Amino acid sequence: MDIVRRLVADRPVVIFSRSTCCMSHSIKALISSFGANPTVYELDKIPNGKQIEKALVQQLGCQPSVPAVFIAQEFVGGDKQVMSLQVRNELGPLLMKAGAIWI
């Protein structure tokens, strides 16, 4: 879990993704549509991707393991949780509070 903490430290938005996952793509597009520039780690394209994915599943209970979204260094959840924030009009204010966007 230390590796995940290091990767999300000092970044307003971090998304752990897989390049072939359509839901990961949708969540990245949604967050980017606010003007945010998330840090994205494609777990299928980085050397320690399997280790990170294992930590996401075991330590955070991510099922499925991607997308896993962190805003302001806090684990928000996966695609369903992010979409729920959007439907409740809470995603934009959360991104602003994290310093990911300015309006």
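1. How many positive and negative side chains does the chain have, and how far apart do the centres of the two sets lie? There are 11 positive and 8 negative side chains, and the two centres are 3 Å apart. The model discussed in this note is predicted, and the remarks below should be read with that in mind.

2. On overall architecture, the chain contains 5 helices and 4 strands. Read from the N terminus, these elements follow the order α-β-α-β-α-β-β-α-α. The radius of gyration is 13 Å, close to the 13 Å that the globule rule gives for 103 residues, so the chain is as compact as a globular protein of that length. Along the principal axes, the C-alpha atoms fill a box of roughly 35 × 25 × 20 Å.

3. On packing and surface, 42% of the 103 residues count as buried. If contacts are restricted to residues at least 6 apart in sequence, 62% of them join residues at least 24 apart. The accessible surface comes to about 5,900 Å², and carbon and sulfur atoms account for 52% of that area.

4. Lys 28 merits a separate comment. This residue is placed in helix H2, which spans residues 22-33. Is Lys 28 buried or exposed? Its relative accessibility is 16%, and because buried means under 20%, Lys 28 counts as buried. The side chain of Lys 28 makes a polar contact with the side chain of Ser 17, at 3.4 Å. Ser 17 is also listed among the residues that Lys 28 touches beyond four places in sequence, together with Ile 15, Val 40 and Glu 42.

5. The peptide bond between Val 66 and Pro 67 is cis, with omega at about -5 degrees. Pro 67 belongs to the loop that runs between helix H3 (49-60) and strand S3 (68-71). A colleague inspecting the backbone may wish to view this bond together with the loop that holds Pro 67.

6. Asp 10 has a positive phi of about 60 degrees, although this residue is not a glycine. Where does Asp 10 lie? Its position is in the loop between helix H1 (2-8) and strand S1 (13-17). With a relative accessibility of 75%, Asp 10 counts as exposed.

7. Gln 73 likewise is not a glycine and has a positive phi, here about 65 degrees. This residue sits in the loop between S3 and strand S4 (74-77). Its relative accessible area is 36%, and Gln 73 is therefore classed as partly exposed.

8. Ala 72 is found in the loop between S3 and S4. Ala 72 is partly exposed, its relative accessible area being 32%. Which residues is Ala 72 in contact with, once neighbours within four places in sequence are left aside? The partners are Pro 12 and Ala 98. Ala 72 and Arg 11 are 61 residues apart along the chain, yet their C-alpha atoms are separated by 6.9 Å.

9. In summary, two kinds of local backbone feature have been noted: the cis peptide bond that joins Val 66 and Pro 67, and the positive phi values of Asp 10 and Gln 73. Among the side chains, Lys 28 has been described as buried and as a polar contact partner of Ser 17.

How values were computed
Residues numbered from 1 in each chain as written. Predicted model: local features only at pLDDT ≥ 70, side-chain atom pairs only at ≥ 80, totals over all residues. Heavy atoms only, no water. Helix = DSSP H or I, 4+ residues; strand = E, 2+ residues; numbered from the N terminus. Rg over C-alpha atoms; globule rule 2.2 N^0.38 Å. Buried < 20%, exposed > 50% of the residue type's maximum accessible area, 1.4 Å probe, protein only. Contact = heavy atoms within 4.5 Å. Areas by Shrake-Rupley, 256 points an atom, 1.4 Å probe, with all protein chains shown as cover. Lys, Arg positive; Asp, Glu negative; His and termini not counted. Charge placed at Lys NZ, Arg CZ, Asp CG, Glu CD. Polar contact = N/O pair within 3.5 Å; in protein donor to acceptor, adjacent residues only side chain to side chain.
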